[in-house]
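Biologist: I am new to this model, and I would like you to look closely at one helix and at what lies around its buried side. Please then carry on to the other parts of the fold that you can describe.

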Amino acid sequence: MADRLRDDVGELLRETAAEIVLPLFRRLDEADVAEKAPGDLVTVADRRAEEKIAAALRRLLPGSVVVGEEAVADDPTLLRHLRGGGDVWLVDPVDGTGNFAAGRQPFALMVALLTDGELTGAWVLDPLADILADARVGEGTRLDGRPVHAADRPAVLGALRGTAMTRFLPPGTRERVEAGGARIGELLPGQHCAGREYLDALTGDQSFVLFWRTLPWDHAPGVLLVREAGGVARRFDGTEYHPADDGRGLLVVADEHLWTDVRDALLDA
């Protein structure tokens, strides 16, 4: 079941991208884009893609619950399922909606599976780059069907390349992170698409990502991908990330042994 599920969900994301998301890229009308909250956009592609993905996931695992980003916008009580029993899907139908709505890349389609409250599956697709990553707990991470081990790339602190999403950081924390960038090899500004940041951690394009806002659909898939590839995702205080947590701050490092060094460099500078 595990192997078939990996392939079935990956194929679902590719099919949804091909049938719904990509045909609307750079073809949205003004009426196709709305604002859920100040600066938080939703498009007709988000809504249509979530409807298709949610229906298919329920068929793949009868009795499962789907917690989609757009459904939660209409009914926030759905988040209670993230601590519940059984199978629960988390869906981000178009991660990086701001990029998508503006006709920019990257953007991604993302799904995570929780079983009895714990992450057990993850899928992230960048449809323009045609990159698909998937993971099952205890079975490792695959990148386009091939096993990937992000922690197999030796690195030292001063030669690292990573992203710090500083826009939403509290002023004092933002100043420390920006100052700490001098102790890291290269500090990148971010791509406004969490899914792509996690993929870059798997491909070796970056060694770490620092976030402040941690909405579950933005991070649950990528966190499991990185964990199963040998990395870690922890809150700034060192506690492990869980999708149901409402905390702020998340540091994802591809090599577990470097997590403390990166945290100290960026947050204690």
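Modeller: Along helix 8, which spans residues 259–267, the buried residues (under 20% relative accessible area, 1.4 Å probe, protein chains only) are Trp259, Val262, Ala265, Leu266 and Leu267. Viewed down the helix axis they fall within an arc of 165° (taken from the axis to the C-beta atoms), so they line one face of helix 8. The model is predicted, with local features needing pLDDT of at least 70 and side-chain atom pairs pLDDT 80 or more, while totals for chains, interfaces and linings use all residues. Residues are numbered from 1 along each chain as its sequence is written, and side-chain values use heavy atoms, without hydrogens or water.

The cover over these buried residues, judged by contact (heavy atoms within 4.5 Å), includes helix 5 (171–180) together with strand 11 (186–188), strand 12 (208–211), strand 13 (232–234) and strand 14 (250–253). Helices (H or I, at least four residues) and strands (E, at least two) are DSSP runs numbered from the N terminus.

Elsewhere, strand 1 (residues 33–37) and strand 2 (residues 40–43) run antiparallel and are joined by four bridges, where pairing needs at least two DSSP bridges. Val33 of strand 1 stands opposite Thr43 in strand 2, and Ala37 stands opposite Asp40. The two strands form a hairpin with two residues between them, and Gly39 in the turn has a positive phi of about 80°.

Asp40 also leads to the largest pocket (an open set of 1 Å grid points where a 1.4 Å probe fits, with protein on both sides within 12 Å along at least five of seven lines; lining atoms lie within 4 Å of a point). Of the 34 residues that line the largest pocket, Asp40, Phe168, His192, Arg213 and Asp218 lie nearest its centre. The elements giving two or more residues to that lining are strand 1, strand 2, helix 3 (69–74), strand 4 (87–95), helix 4 (97–101) and helix 7 (216–228).

Key. Buried means under 20% relative accessible area, exposed over 50%, partly exposed in between (1.4 Å probe, protein chains only).
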